[in-house]
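Work through these exercises with the model open beside you. Try each task before reading its solution.

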Amino acid sequence: MKKTNWITNSVSNTNLLIFITVFLLCISGLVALYSASLHMEAPFFKKVIGKQMLWMIIGLLAILAIFFMQRKLLFDGAFILYWIGIALIIAPYFIGNSVAGANRWIVLGLFHFQPSEFMKIIVIIGIARYLSKNDLVISDFKSLIIPLLLALLPLVIVLKQPDLGTSMIYIILVFPMLIWAGARMYHLFIIIAPVISILTAFNFYSFFIWVLCLIVVLYFSKEKIWLAVVLFIFNLSLGFVTPVLWNRLKPYQQNRILTLFNVEADPLGTGYQVIQSQIAVGSGGFFGKGMGNGTQTHLKFLPEQHTDFIFSVVGEEYGFIGVGSVLLLFLILTVILLSVAFRLRDRFSSLVVIGVTSVLFFHAVINVAMTIGLMPVTGLPLPFLSYGGSFIITCFLMIGLVFNLSMDRHR
Amino acid sequence: MFYSQNNVTLERRNLLILIVLTLFVILIARLYQLQIVQYSRFAGIAEANRIRVISREAPRGIIFDRNGNIIADNKSQYNVNLIPFEVGQNENVYGILSEILKIPERDIRQRVRKNWRGQFLPARIAGDIDFETLTELEERRLELPGVLFSLEPIRSFPAGANLSQVLGYLREVGKEELRMIKDYGYRPGDLIGWKGVEHEYESILRGKRGYSFVQVNVFGQEVGEVRNERSVKPKFGNDLYLTIDLGLQQYAEELLGDKKGVIVAMDALNGEILSLVSKPDYSPNLFSGIVRPDIWNSLRNDPDKPLYNRVTQGTYSPGSTFKMVAALASLEENILDPKTRFRCRGSYKLGRRVFKCWKLGGHGRMNLYDAIVNSCNVYFYSLIRKMDIDIWAEYARKFRFGELTNIDMYGESQGLVPDKAFMDEKYGVGGWTEGNKLNLVIGQGDLLVTPIQMVRFAGTLATNGKLSVPHLGLRYFDRDNDRFHYFAQSTGDSIDDISASSWEFIRKTMYDVVNSRTGTGRAAKVRGLDVYGKTGTAQNPHGDPHSWFIGFVQKNEQVIAIAILVEHGGSGGGEAAGIASRLFRYYQKELVPQQFTSRGTNRD
């Protein structure tokens with residue numbers, strides 16, 4: 001209890017704690033990257049680890065830049081920023097994968113700019129801005145539509161790139177924000193229900209269980225009976241129609257959809273990447289094989305080891321202790337951020353922090369779940385650990401945003 | 001300044017914290033399962049991932065002659081192998097390989113299928129590539145993922161002698177065969193001895209392949225040895241020593257030259273074969289690795305059958321060399337007093353048919369001794385008239401004609417000794433006449449013998465009835481126990497029911513066949529060496545008669561029996577006897593005294 005008070009009472013101490021946590025995560029990432037780039041024969045700053053450190057330095061500058069930015073600018077410009085962001089993520093469709101000339105990063109010359117990463121922040125700000133409107137009645141279902149659309153628009157654009165992981169993040173971050181803003185749980189349930197109906201429709205038992213849940217929830221919600229019946233029938237028929245529609249698709253059409261959901265599908269056969277990743281993690285055991293001794297990593301059985309599967313490198317070389325510590329750091333970071341959001345007086349700031357927390361947390365959970373075979377491979381990097389310029393800078397920007405907003409001079 | 005109040009409730013915050021904790025616990029639980037519960041399983045898989053077992057082929061045992069001269073040695077050849085999985089969709093590989101190896105793409109794919117052992121295991125696509133090809137492949141290695149070389153020991157034949165049919169050859173083990181012998185460690189693409197001693201002593205000659213463990217990366221490239229895995233060194237095959245005397249063999253091969261025929265020389269006391277020539281033969285170097293299909297087909301389709309071992313597989317009429325059988329039968333069964341004379345006028349009339357003697361003018365009055373020395377047919381016609389065919393056949397069988405000699409060679413023929421039952425069967429009762437008997441007694445007609453039976457026949461005559469089993473395997477060096485093993489020989493039957501005086505009589509006549517002034521085998525005479533022999537001229541429907549000579553010599557304690565056959569060589573007294581004399585002269589001068597014998601030592 002005393003500790004909680006210390007956290008809530010001392011803004012700079014909280015920020016210091018966030019900084020330390022992020023710093024430790026970055027260090028574990030660099031250690032893993034060091035291992036993964038051991039065999040590379042290149043000058044330090046040409047190696048993955050060297051480049052990653054450069055990105056982190058740039059990230060620190062970004063934290064500073066955003067820290068001193070006026071919040072009012074962010075609040076007022078939220079929607080303008082949103083449309084700029086949309087324009088940026090559409091841009092690659094028209095001018096190739098590089099947006100040379102359209103952004104300042106081109107100055108650095110070697111940066112592969114991914115606007116979809118920065119779009120995560122922009123979506124958070126946009127939704128937070130909408131939800132903090134003074135006249136918003138959050139208990140009204142209609143109030144949820146705009147935030148959902150704000151997420152769905154970039155989702156559709158990015159999904160077509162295709163980048164399933166990133167587009168999923170856009171929609172996932174909406175829900176904690178809606179919960180935080182006070183949306184009715186029943187409404188959120190109505191939104192999620194059809195998705196679950198479609199997904200469970202392919203297996204009889206899963207669908208059966210889902211229908212039971214649906215009945216229970218609809219029965220105990222004190223809503224109008226006709227609405228409950230309509231919802232029930234809608235979800236039920238969705239579940240029946242989905243497999244039928246799916247089977248009527250031509251195989252190439254099915255494949256097109258499957259490819260969408262399996263973007264990083266490995267070239268060698270089903271689940272090769274996940275299997276190798278699990279072998280790496282599992283063979284690490286409790287203490288790990290030690291730095292530079294991971295055979296899965298160094299003999300390159302482990303795919304994408306700098307980026308999406310960096311967690312497996314930690315798992316192989318530092319074992320349960322190593323990955324447990326990394327997860328613990330993420331847990332600490334998440335809880336601190338939640339408490340920061342809880343403490344903030346103004347809704348906009350609080351919601352932005354929740355958005356940031358969601359993005360960081362879900363990135364971590366989905367990435368880890370994917371590397372240990374709990375989820376299909378979707379290609380989401382692990383915050384602060386995975387190699388990648390746009391992403392690491394985005395993460396740092398989000399932390400900078402938290403620092404900025406937590407300095408709430410108006411509470 | 002702006003905005004609405006943050007009115008989030010404690011419940012909502014706790015809800016989110018609850019979700020966060022739940023997901024955190026799920027992840028930790030899964031990590032616990034992977035890293036602690038299933039640790040050993042995954043550790044095992046990770047080890048298996050990085051370690052590739054490389055087999056190291058073992059050379060076959062070296063084949064020596066009786067004196068330790070190398071007959072068949074080993075050399076190394078480079079083979080090209082392909083790992084189907086690693087080539088995968090990379091279709092260019094086939095094109096590049098086809099270009100370098102000069103094999104059509106289709107053939108390469110076919111070979112991959114033929115030698116398939118699994119998609120992660122190398123399948124051989126080319127053997128014995130030359131250095132130039134190897135260099136070219138090495139240069140383009142980056143374009144050829146999944147293509148590897150293997151060093152494989154193959155045969156080389158440093159000796160001047162061919163010994164073709166004696167050695168046999170190595171060929172790729174067939175798929176059918178493989179199913180039966182898989183337990184002995186054979187794999188598709190392995191070489192296995194076929195025919196000859198390579199086949200007969202396969203289990204002794206064959207080495208045991210070794211294994212080493214190398215660390216590989218995901219691309220299958222070797223990145224070093226694995227320290228804590230023990231590699232198994234390939235085990236050489238055991239060295240085999242043959243009874244062959246390389247010098248004699250080489251000389252005998254030269255003697256026969258381009259003629260079709262046979263020379264066999266055997267130690268009559270123990271059955272050790274000192275030389276075995278079957279012509280035409282072929283160079284064993286054609287078979288050092290896997291034989292090229294065109295060579296194989298030309299050998300197979302050659303009308304002179306070079307692959308065929310005339311010594312053990314060829315069946316011939318023995319001609320006059322077989323007269324000794326009737327002579328012994330007559331002596332033992334008292335059919336005719338050996339002093340009884342018949343007049344030979346050059347032909348013998350039986351009913352309306354006329355049976356000729358080889359000497360047109362006739363030999364005049366002949367007793368048994370004269371008849372053998374001069375090889376008079378008319379005498380034997382008269383003799384066989386008084387003898388039952390079954391008695392004659394019985395004596396032929398005493399010498400084990402019509403049976404396998406059990407020589408350690410693949411595919412021996414047993415020949416044929418016709419008796420009454422056989423003749424009745426073949427021609428019907430009453431369908432054959434005395435005339436058939438007349439043919440048989442001079443070694444013609446239905447009687448068939450193999451040269452290896454004939455050399456043993458000579459040996460039996462030389463040793464008063466010893467029936468040794470002819471053999472080529474002398475001993476081998478057992479690498480496991482570091483000592484020699486001699487091959488056990490059956491202690492040797494002997495013909496006990498023929499009296500010493502009869503043996504002596506035959507020996508005397510055989511001596512005079514060579515050494516008397518009128519003997520038909522005069523051409524075989526060697527100064528300073530007692531040569532015994534008998535000639536034969538076997539009529540055959542294909543052309544000139546085959547020329548036979550069987551005989552023996554004695555030197556110190558050794559008795560060497562020989563059989564020589566020159567197909568279509570004319571009279572036995574000419575071609576074959578001439579070769580015999582030169583062979584004996586070589587023996588007289590050059591043959592190293594026996595160093596190793598099989599007598600008294602048994603293989604365990």
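Helices here are DSSP runs of H or I with at least four residues, numbered from the N terminus. The model is predicted.

**Exercise 1. Place B:Ser375 in chain B, then decide whether it is buried or exposed.**

Step 1: Find the flanking helices. B:Ser375 sits in the loop between helix H15 (368-373) and helix H16 (377-385) of chain B.

Step 2: Count neighbours. B:Ser375 has 29 C-beta neighbours inside 10 Å.

Step 3: Apply the cut-off. A residue with 20 or more is buried, so B:Ser375 counts as buried.

Step 4: Check the backbone. Phi of B:Ser375 is positive, near 55°, and the residue is not a glycine.

**Exercise 2. Do the same for B:Lys305: find its loop and its exposure class.**

Step 1: Locate it. B:Lys305 is in the loop between H12 and helix H13 (310-313) of chain B.

Step 2: Read phi. The value for B:Lys305 is about 50°, positive although the residue is not a glycine.

Step 3: Classify. B:Lys305 has 16 C-beta neighbours inside 10 Å, so it counts as partly exposed.

**Exercise 3. State which peptide bond leading into B:Pro280 is cis, and where B:Pro280 lies.**

Step 1: Look at omega. The bond from B:Lys279 to B:Pro280 has omega near 0°; it is cis.

Step 2: Place the proline. B:Pro280 belongs to the loop between strand S12 (273-279) and helix H12 (293-301) of chain B.

**Exercise 4. Find the contacts of B:Ile129 beyond four places in sequence.**

Step 1: Start from the strand. B:Ile129 is in strand S4 (residues 123-129) of chain B.

Step 2: List the partners. Beyond four places in sequence, B:Ile129 contacts B:Tyr78, B:Val80 and B:Leu134.

Step 3: Take one pair. B:Ile129 and B:Val80 are 49 residues apart in sequence, yet their C-alpha atoms are 7.7 Å apart.

Step 4: Assess exposure. B:Ile129 is partly exposed because 17 other C-beta atoms lie within 10 Å.

**Exercise 5. Turn to chain A: which residues does A:Leu231 contact, leaving aside neighbours within four places in sequence?**

Step 1: Locate it. A:Leu231 is in helix H12 (residues 225-248) of chain A.

Step 2: Name the partners. With those neighbours left aside, A:Leu231 is in contact with A:Ile190 and A:Leu218.

Step 3: Check one distance. A:Leu231 and A:Leu218 are 13 residues apart along the chain, with their C-alpha atoms separated by 8.4 Å.

Step 4: Classify. A:Leu231 has 19 C-beta neighbours inside 10 Å, so it counts as partly exposed.

How values were computed
Residues are numbered from 1 along each chain as its sequence is written. Chains are lettered from A and ligands numbered from 1 in the order in which they are written. This is a predicted model: local features need pLDDT of at least 70, side-chain atom pairs count only at pLDDT 80 or more; totals for chains, interfaces and linings use all residues. Helices (H or I, at least four residues) and strands (E, at least two) are DSSP runs, numbered from the N terminus. A residue is buried if 20 or more other C-beta atoms lie within 10 Å of its own, exposed if 12 or fewer, and partly exposed in between; C-beta atoms are placed from the backbone. Two residues are in contact if their C-beta atoms, placed from the backbone, lie within 7 Å.
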